[in-house]
Amino acid sequence: MSTTTPVDLASRYLEPVQVPDPEALAHVQRLFDVAEPYLAGPELDELFVRAMNESNAWHAARSPFFGKLWESDPAARRPLESAADLARLPFVHANFFKAHEIVSIPEQDVRIRLTSSGTTGQKSQMFFDDWTLRNGQRIVARIFDSYGWLGEQEPVNYLLTNYQPRPGLNLGTSFTDEYLAHFAPVRSAEYALKHTGSGHEFDPFGCVRALLRFAEEGAPVRILGFPAFLSFTLDRMRELGLPPIRLNPKSLVVFGGGWKANADRQVTKPELYRRIHEQLGIPDERIRDGFGAVEHSVLYMECANHHLHVPTWSRLMVRDVRTLRPLGHGERGYAQFISPYITSVPAQSVLMADLVSQHGPEECGCGLPTPWFTVHGRAALSRNRSCAVAAAELLKGKS
(Lines give C-alpha, C1' and ligand atoms only; values in the text may rest on other atoms or scores of the structure.)
Protein backbone atom coordinates (compact mmCIF):
# COMPACT_ATOMS: atom_id res chain seq x y z
CA MET A 1 0.00 0.00 0.00
CA SER A 2 1.29 3.43 -0.90
CA THR A 3 1.96 5.86 1.95
CA THR A 4 1.52 8.86 -0.35
CA THR A 5 -2.07 8.48 -1.52
CA PRO A 6 -3.18 11.75 -3.21
CA VAL A 7 -6.09 13.50 -1.56
CA ASP A 8 -8.13 13.45 -4.77
CA LEU A 9 -7.71 9.67 -5.26
CA ALA A 10 -10.99 9.04 -3.42
CA SER A 11 -12.99 11.20 -5.83
CA ARG A 12 -12.15 8.96 -8.78
CA TYR A 13 -14.40 6.27 -7.33
CA LEU A 14 -17.37 8.61 -7.80
CA GLU A 15 -16.69 9.21 -11.48
CA PRO A 16 -19.28 8.12 -14.08
CA VAL A 17 -19.07 4.54 -15.31
CA GLN A 18 -20.60 3.40 -18.62
CA VAL A 19 -22.30 0.04 -19.09
CA PRO A 20 -20.83 -2.29 -21.75
CA ASP A 21 -23.82 -1.81 -24.08
CA PRO A 22 -25.68 1.51 -23.59
CA GLU A 23 -28.60 0.37 -25.73
CA ALA A 24 -29.16 -3.07 -24.20
CA LEU A 25 -28.53 -1.82 -20.65
CA ALA A 26 -30.08 1.66 -20.79
CA HIS A 27 -32.11 1.25 -17.60
CA VAL A 28 -29.20 -0.39 -15.79
CA GLN A 29 -27.22 2.74 -16.61
CA ARG A 30 -30.03 4.98 -15.33
CA LEU A 31 -30.38 3.01 -12.11
CA PHE A 32 -26.70 3.21 -11.25
CA ASP A 33 -26.51 6.86 -12.21
CA VAL A 34 -28.80 7.52 -9.22
CA ALA A 35 -26.26 8.96 -6.79
CA GLU A 36 -28.25 8.86 -3.54
CA PRO A 37 -27.50 5.55 -1.75
CA TYR A 38 -30.84 5.25 0.04
CA LEU A 39 -33.90 6.14 -2.02
CA ALA A 40 -37.27 4.39 -2.16
CA GLY A 41 -40.55 4.85 -3.98
CA PRO A 42 -42.69 3.65 -6.93
CA GLU A 43 -40.62 5.39 -9.60
CA LEU A 44 -37.42 3.84 -8.33
CA ASP A 45 -39.11 0.41 -8.11
CA GLU A 46 -40.17 0.73 -11.74
CA LEU A 47 -36.66 1.67 -12.81
CA PHE A 48 -35.22 -1.24 -10.81
CA VAL A 49 -37.60 -3.72 -12.46
CA ARG A 50 -36.71 -2.50 -15.95
CA ALA A 51 -33.01 -2.73 -15.12
CA MET A 52 -33.48 -6.30 -13.87
CA ASN A 53 -35.25 -7.26 -17.11
CA GLU A 54 -32.26 -5.96 -19.05
CA SER A 55 -29.84 -7.76 -16.76
CA ASN A 56 -31.67 -11.07 -17.10
CA ALA A 57 -31.78 -10.76 -20.90
CA TRP A 58 -28.07 -9.87 -20.95
CA HIS A 59 -27.02 -12.98 -19.03
CA ALA A 60 -29.49 -15.31 -20.77
CA ALA A 61 -27.98 -14.33 -24.14
CA ARG A 62 -24.35 -14.62 -23.02
CA SER A 63 -24.20 -17.40 -20.42
CA PRO A 64 -25.25 -20.87 -21.64
CA PHE A 65 -25.76 -21.90 -18.03
CA PHE A 66 -28.07 -19.02 -17.20
CA GLY A 67 -29.77 -19.29 -20.58
CA LYS A 68 -30.82 -22.86 -19.79
CA LEU A 69 -31.90 -21.88 -16.28
CA TRP A 70 -33.91 -19.01 -17.71
CA GLU A 71 -35.60 -21.16 -20.36
CA SER A 72 -36.42 -23.98 -17.93
CA ASP A 73 -39.10 -21.94 -16.15
CA PRO A 74 -41.71 -20.17 -18.29
CA ALA A 75 -42.89 -18.09 -15.35
CA ALA A 76 -39.37 -16.94 -14.56
CA ARG A 77 -38.54 -15.83 -18.08
CA ARG A 78 -41.59 -13.59 -18.44
CA PRO A 79 -40.54 -9.95 -18.16
CA LEU A 80 -41.03 -8.50 -14.70
CA GLU A 81 -43.88 -6.01 -14.52
CA SER A 82 -43.58 -4.80 -10.93
CA ALA A 83 -41.45 -5.17 -7.82
CA ALA A 84 -43.83 -7.90 -6.63
CA ASP A 85 -42.66 -10.04 -9.57
CA LEU A 86 -39.12 -10.23 -8.15
CA ALA A 87 -40.31 -13.27 -6.19
CA ARG A 88 -40.39 -15.34 -9.40
CA LEU A 89 -36.85 -14.50 -10.46
CA PRO A 90 -34.61 -17.54 -10.87
CA PHE A 91 -31.64 -17.50 -8.55
CA VAL A 92 -28.22 -19.11 -8.37
CA HIS A 93 -27.05 -20.46 -5.03
CA ALA A 94 -23.76 -18.96 -3.88
CA ASN A 95 -22.34 -22.45 -3.44
CA PHE A 96 -22.64 -22.99 -7.19
CA PHE A 97 -19.81 -20.52 -7.74
CA LYS A 98 -17.58 -22.64 -5.49
CA ALA A 99 -17.72 -25.53 -7.95
CA HIS A 100 -18.13 -23.79 -11.33
CA GLU A 101 -16.46 -20.96 -13.21
CA ILE A 102 -19.32 -19.21 -15.00
CA VAL A 103 -19.01 -16.00 -17.01
CA SER A 104 -21.18 -13.88 -19.31
CA ILE A 105 -18.28 -12.13 -21.04
CA PRO A 106 -15.33 -13.10 -23.26
CA GLU A 107 -12.15 -14.04 -21.44
CA GLN A 108 -10.37 -10.94 -22.73
CA ASP A 109 -12.91 -8.73 -20.94
CA VAL A 110 -12.11 -10.16 -17.49
CA ARG A 111 -10.41 -7.39 -15.54
CA ILE A 112 -9.84 -9.25 -12.26
CA ARG A 113 -10.69 -12.54 -10.60
CA LEU A 114 -11.46 -12.68 -6.88
CA THR A 115 -12.04 -15.61 -4.56
CA SER A 116 -14.06 -15.97 -1.38
CA SER A 117 -11.88 -18.20 0.80
CA GLY A 118 -8.38 -18.18 2.18
CA THR A 119 -5.92 -20.96 2.83
CA THR A 120 -8.01 -24.12 2.40
CA GLY A 121 -11.44 -25.32 1.36
CA GLN A 122 -13.88 -24.40 -1.37
CA LYS A 123 -13.53 -21.06 -3.10
CA SER A 124 -16.01 -19.05 -5.11
CA GLN A 125 -14.39 -17.86 -8.31
CA MET A 126 -15.89 -14.55 -9.38
CA PHE A 127 -14.86 -12.63 -12.48
CA PHE A 128 -15.18 -8.89 -12.95
CA ASP A 129 -15.24 -6.83 -16.11
CA ASP A 130 -14.49 -3.12 -16.05
CA TRP A 131 -18.13 -2.07 -15.52
CA THR A 132 -18.82 -4.52 -12.68
CA LEU A 133 -15.58 -3.69 -10.86
CA ARG A 134 -15.82 0.09 -11.15
CA ASN A 135 -19.57 0.16 -10.54
CA GLY A 136 -19.18 -1.89 -7.35
CA GLN A 137 -16.47 0.46 -6.11
CA ARG A 138 -18.66 3.46 -6.94
CA ILE A 139 -21.48 1.96 -4.85
CA VAL A 140 -19.15 1.71 -1.86
CA ALA A 141 -17.76 5.20 -2.41
CA ARG A 142 -21.24 6.73 -2.56
CA ILE A 143 -22.23 5.05 0.70
CA PHE A 144 -19.05 6.23 2.43
CA ASP A 145 -19.55 9.70 0.98
CA SER A 146 -23.12 9.84 2.31
CA TYR A 147 -21.73 9.41 5.83
CA GLY A 148 -18.92 11.93 5.30
CA TRP A 149 -16.16 9.32 5.28
CA LEU A 150 -14.83 9.93 1.77
CA GLY A 151 -12.01 12.24 0.79
CA GLU A 152 -10.92 13.47 4.21
CA GLN A 153 -7.75 15.48 3.70
CA GLU A 154 -5.87 14.66 6.90
CA PRO A 155 -3.58 11.62 6.52
CA VAL A 156 -4.84 8.53 8.34
CA ASN A 157 -3.13 5.65 10.14
CA TYR A 158 -4.67 2.37 8.99
CA LEU A 159 -4.95 -0.90 10.87
CA LEU A 160 -6.25 -3.52 8.47
CA THR A 161 -7.39 -6.60 10.38
CA ASN A 162 -7.03 -8.59 7.19
CA TYR A 163 -4.39 -10.30 5.05
CA GLN A 164 -1.17 -8.48 4.23
CA PRO A 165 -0.89 -8.35 0.42
CA ARG A 166 1.40 -10.75 -1.38
CA PRO A 167 1.81 -11.66 -5.06
CA GLY A 168 -1.09 -13.79 -6.23
CA LEU A 169 -3.39 -12.99 -3.30
CA ASN A 170 -6.83 -12.43 -4.83
CA LEU A 171 -9.17 -12.60 -1.85
CA GLY A 172 -12.23 -10.41 -2.13
CA THR A 173 -11.98 -9.02 1.40
CA SER A 174 -8.34 -8.02 0.99
CA PHE A 175 -9.05 -6.36 -2.34
CA THR A 176 -11.91 -4.38 -0.81
CA ASP A 177 -9.93 -3.17 2.19
CA GLU A 178 -7.06 -2.10 -0.06
CA TYR A 179 -9.24 0.28 -2.08
CA LEU A 180 -11.12 1.44 1.04
CA ALA A 181 -7.72 2.70 2.15
CA HIS A 182 -7.87 5.10 -0.84
CA PHE A 183 -10.80 6.94 0.74
CA ALA A 184 -8.49 8.95 3.01
CA PRO A 185 -4.76 9.66 2.55
CA VAL A 186 -2.47 7.01 4.04
CA ARG A 187 -0.10 8.11 6.79
CA SER A 188 0.87 4.52 7.64
CA ALA A 189 -0.63 1.04 7.38
CA GLU A 190 -0.34 -2.07 9.55
CA TYR A 191 -1.86 -5.53 8.94
CA ALA A 192 -3.16 -8.00 11.51
CA LEU A 193 -2.47 -11.02 9.31
CA LYS A 194 1.21 -10.80 8.40
CA HIS A 195 2.62 -12.61 5.39
CA THR A 196 5.28 -15.01 6.64
CA GLY A 197 6.53 -16.31 3.30
CA SER A 198 4.58 -19.55 3.56
CA GLY A 199 1.21 -18.16 4.61
CA HIS A 200 -0.34 -15.60 6.91
CA GLU A 201 -0.09 -15.38 10.69
CA PHE A 202 -2.06 -13.28 13.15
CA ASP A 203 0.22 -10.80 14.93
CA PRO A 204 -1.59 -9.55 18.05
CA PHE A 205 1.48 -7.83 19.49
CA GLY A 206 2.00 -5.97 16.22
CA CYS A 207 -1.60 -4.77 16.38
CA VAL A 208 -1.16 -3.59 19.97
CA ARG A 209 2.05 -1.75 19.12
CA ALA A 210 0.35 -0.10 16.16
CA LEU A 211 -2.59 1.14 18.25
CA LEU A 212 -0.26 2.51 20.94
CA ARG A 213 1.75 4.33 18.29
CA PHE A 214 -1.40 5.69 16.67
CA ALA A 215 -2.58 7.07 20.00
CA GLU A 216 0.75 8.77 20.57
CA GLU A 217 0.82 10.32 17.10
CA GLY A 218 -2.72 11.67 17.41
CA ALA A 219 -3.72 11.37 13.74
CA PRO A 220 -7.10 9.83 12.77
CA VAL A 221 -7.15 6.05 12.57
CA ARG A 222 -9.16 3.78 10.31
CA ILE A 223 -9.59 0.14 11.30
CA LEU A 224 -10.90 -2.05 8.47
CA GLY A 225 -11.46 -5.80 8.27
CA PHE A 226 -12.51 -8.78 10.35
CA PRO A 227 -14.05 -7.96 13.76
CA ALA A 228 -12.54 -11.04 15.43
CA PHE A 229 -8.97 -9.80 15.10
CA LEU A 230 -9.73 -6.43 16.63
CA SER A 231 -11.60 -8.15 19.46
CA PHE A 232 -8.63 -10.42 20.15
CA THR A 233 -6.29 -7.42 20.02
CA LEU A 234 -8.40 -5.70 22.68
CA ASP A 235 -8.23 -8.91 24.72
CA ARG A 236 -4.44 -8.88 24.47
CA MET A 237 -4.30 -5.25 25.59
CA ARG A 238 -6.26 -6.17 28.72
CA GLU A 239 -4.12 -9.25 29.36
CA LEU A 240 -1.03 -7.03 29.18
CA GLY A 241 -2.57 -4.68 31.75
CA LEU A 242 -2.57 -1.75 29.32
CA PRO A 243 -4.86 1.14 30.25
CA PRO A 244 -7.39 2.49 27.72
CA ILE A 245 -6.02 4.73 25.01
CA ARG A 246 -7.70 7.63 23.24
CA LEU A 247 -7.47 7.59 19.48
CA ASN A 248 -8.37 10.69 17.49
CA PRO A 249 -12.19 11.15 17.72
CA LYS A 250 -12.33 11.30 13.89
CA SER A 251 -11.15 7.68 13.79
CA LEU A 252 -13.38 5.15 12.07
CA VAL A 253 -13.98 1.39 12.38
CA VAL A 254 -15.63 -0.46 9.48
CA PHE A 255 -15.94 -4.22 9.77
CA GLY A 256 -16.40 -6.72 6.98
CA GLY A 257 -16.71 -10.46 7.52
CA GLY A 258 -17.93 -12.42 10.51
CA TRP A 259 -16.55 -14.65 13.25
CA LYS A 260 -17.45 -18.00 11.69
CA ALA A 261 -15.04 -20.65 13.08
CA ASN A 262 -14.49 -18.56 16.22
CA ALA A 263 -18.16 -18.46 17.19
CA ASP A 264 -17.21 -19.87 20.60
CA ARG A 265 -15.19 -16.69 21.27
CA GLN A 266 -17.57 -14.25 19.63
CA VAL A 267 -18.91 -11.31 21.57
CA THR A 268 -22.09 -9.50 20.62
CA LYS A 269 -21.91 -6.38 18.48
CA PRO A 270 -23.05 -4.08 21.31
CA GLU A 271 -20.40 -5.58 23.60
CA LEU A 272 -17.64 -5.26 20.99
CA TYR A 273 -18.64 -1.70 20.12
CA ARG A 274 -18.69 -0.81 23.85
CA ARG A 275 -15.20 -2.24 24.31
CA ILE A 276 -13.87 -0.36 21.27
CA HIS A 277 -15.22 2.88 22.71
CA GLU A 278 -13.90 2.16 26.20
CA GLN A 279 -10.46 0.90 25.20
CA LEU A 280 -9.79 3.02 22.10
CA GLY A 281 -12.02 6.05 22.62
CA ILE A 282 -13.73 5.80 19.21
CA PRO A 283 -17.33 7.15 19.31
CA ASP A 284 -20.12 4.62 18.79
CA GLU A 285 -21.45 6.39 15.68
CA ARG A 286 -18.06 5.86 14.00
CA ILE A 287 -18.10 2.09 14.53
CA ARG A 288 -19.98 0.31 11.74
CA ASP A 289 -20.36 -3.17 10.33
CA GLY A 290 -20.68 -3.82 6.62
CA PHE A 291 -22.08 -6.87 4.87
CA GLY A 292 -21.09 -8.15 1.45
CA ALA A 293 -19.81 -11.20 -0.37
CA VAL A 294 -17.62 -11.88 -3.37
CA GLU A 295 -20.68 -13.53 -4.96
CA HIS A 296 -22.66 -10.31 -4.44
CA SER A 297 -20.43 -7.26 -4.30
CA VAL A 298 -23.02 -4.72 -3.18
CA LEU A 299 -22.23 -3.13 0.18
CA TYR A 300 -24.82 -3.18 2.96
CA MET A 301 -23.66 -0.72 5.61
CA GLU A 302 -24.92 -0.17 9.13
CA CYS A 303 -26.69 3.11 9.81
CA ALA A 304 -26.12 5.13 12.99
CA ASN A 305 -28.53 2.73 14.75
CA HIS A 306 -26.40 -0.22 13.59
CA HIS A 307 -28.91 -1.69 11.14
CA LEU A 308 -27.85 -2.99 7.70
CA HIS A 309 -29.93 -1.02 5.19
CA VAL A 310 -30.60 -2.14 1.62
CA PRO A 311 -29.24 0.50 -0.79
CA THR A 312 -30.98 2.06 -3.77
CA TRP A 313 -29.40 -0.33 -6.26
CA SER A 314 -30.38 -3.63 -4.62
CA ARG A 315 -33.29 -5.61 -3.22
CA LEU A 316 -33.42 -8.32 -0.57
CA MET A 317 -35.81 -11.26 -0.49
CA VAL A 318 -35.95 -13.71 2.42
CA ARG A 319 -36.85 -17.33 1.60
CA ASP A 320 -38.02 -20.15 3.84
CA VAL A 321 -35.21 -22.61 4.57
CA ARG A 322 -37.43 -25.62 3.77
CA THR A 323 -39.80 -24.52 1.03
CA LEU A 324 -37.90 -21.49 -0.38
CA ARG A 325 -41.16 -19.54 -0.44
CA PRO A 326 -40.78 -15.77 0.06
CA LEU A 327 -41.19 -14.63 3.67
CA GLY A 328 -42.52 -11.41 5.14
CA HIS A 329 -40.81 -8.90 7.37
CA GLY A 330 -39.54 -10.27 10.66
CA GLU A 331 -39.35 -13.90 9.50
CA ARG A 332 -36.00 -15.68 9.31
CA GLY A 333 -34.77 -17.42 6.18
CA TYR A 334 -32.13 -17.51 3.46
CA ALA A 335 -31.07 -14.16 2.00
CA GLN A 336 -31.64 -13.70 -1.72
CA PHE A 337 -29.84 -10.61 -2.96
CA ILE A 338 -31.01 -9.08 -6.23
CA SER A 339 -29.20 -6.40 -8.21
CA PRO A 340 -28.39 -5.74 -11.88
CA TYR A 341 -24.98 -4.34 -10.90
CA ILE A 342 -23.05 -7.19 -12.55
CA THR A 343 -22.52 -7.94 -16.25
CA SER A 344 -19.57 -10.34 -15.98
CA VAL A 345 -21.24 -13.28 -14.18
CA PRO A 346 -24.93 -14.31 -13.92
CA ALA A 347 -25.01 -13.33 -10.23
CA GLN A 348 -27.77 -10.75 -10.48
CA SER A 349 -29.95 -12.94 -8.25
CA VAL A 350 -28.03 -14.97 -5.64
CA LEU A 351 -29.30 -17.14 -2.81
CA MET A 352 -26.89 -17.04 0.12
CA ALA A 353 -26.46 -19.42 3.04
CA ASP A 354 -26.84 -16.47 5.41
CA LEU A 355 -29.95 -16.58 7.60
CA VAL A 356 -31.52 -13.14 7.86
CA SER A 357 -34.72 -11.31 8.72
CA GLN A 358 -35.82 -8.15 6.92
CA HIS A 359 -37.54 -5.19 8.58
CA GLY A 360 -39.30 -2.04 7.46
CA PRO A 361 -37.54 1.32 7.70
CA GLU A 362 -40.01 2.52 10.33
CA GLU A 363 -38.61 -0.12 12.71
CA CYS A 364 -35.15 1.51 12.63
CA GLY A 365 -35.71 5.18 13.40
CA CYS A 366 -32.55 6.45 11.68
CA GLY A 367 -34.55 8.19 8.96
CA LEU A 368 -33.35 6.13 5.98
CA PRO A 369 -36.36 5.07 3.86
CA THR A 370 -35.13 1.63 2.77
CA PRO A 371 -35.60 -1.74 4.54
CA TRP A 372 -32.88 -3.18 6.71
CA PHE A 373 -31.92 -6.68 7.79
CA THR A 374 -30.31 -8.61 10.61
CA VAL A 375 -27.93 -11.52 10.01
CA HIS A 376 -28.76 -14.39 12.38
CA GLY A 377 -26.14 -16.88 11.29
CA ARG A 378 -25.08 -19.04 8.42
CA ALA A 379 -26.23 -22.48 7.30
CA ALA A 380 -23.93 -25.35 6.32
CA LEU A 381 -20.67 -23.76 7.42
CA SER A 382 -18.63 -26.80 6.46
CA ARG A 383 -19.88 -26.51 2.88
CA ASN A 384 -19.85 -22.76 2.60
CA ARG A 385 -16.60 -21.39 3.92
CA SER A 386 -15.70 -17.76 3.49
CA CYS A 387 -12.71 -15.46 3.89
CA ALA A 388 -13.66 -14.99 7.53
CA VAL A 389 -13.63 -18.76 8.13
CA ALA A 390 -10.15 -19.13 6.69
CA ALA A 391 -8.87 -16.13 8.59
CA ALA A 392 -10.40 -17.40 11.81
CA GLU A 393 -8.55 -20.69 11.39
CA LEU A 394 -5.30 -18.77 11.73
CA LEU A 395 -6.30 -18.09 15.32
CA LYS A 396 -6.53 -21.83 15.89
CA GLY A 397 -3.04 -22.59 14.63
CA LYS A 398 -3.89 -23.43 11.04
CA SER A 399 -2.04 -21.98 8.05
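**Exercise 1.** Which residue of β8 stands opposite isoleucine 223?

*Solution.* A note before we start: this is a predicted model, where local features need pLDDT of at least 70, side-chain atom pairs count only at pLDDT 80 or more, and totals for chains, interfaces and linings use all residues. Residues are numbered from 1 along each chain as its sequence is written, and side-chain values use heavy atoms, leaving out hydrogens and water.

Step 1: find the strands (DSSP E runs of at least two residues, numbered from the N terminus). Strand β8 covers residues 252-256, and β7 pairs with β8 in the parallel sense over four bridges; pairing takes at least two DSSP bridges between two strands.

Step 2: look across from isoleucine 223, and you meet valine 253 in β8.

Step 3: trace the link. From β7 the chain goes through helix α9 (residues 227-239) to β8, a right-handed β-α-β crossover. Helices here are DSSP H or I runs of at least four residues. Right-handed means that, with the strands pointing away from the viewer, the path from the first strand over the helix to the second runs clockwise.

**Exercise 2.** Work out what β7 pairs with besides β8, and how enclosed β7 is.

*Solution.* Step 1: strand β4 (residues 156-163) runs parallel to β7, joined by five bridges. Here threonine 161 faces glycine 225 of β7.

Step 2: check both faces. Val221, Ile223 and Gly225 are buried on one side, Arg222 and Leu224 on the other. Buried means under 20% relative accessible area (1.4 Å probe, protein chains only).

Step 3: conclude. Five of the five residues in β7 (residues 221-225) are buried, so the strand is largely enclosed by the rest of the structure.

Terms used: Buried < 20%, exposed > 50% of the residue type's maximum accessible area, 1.4 Å probe, protein only.
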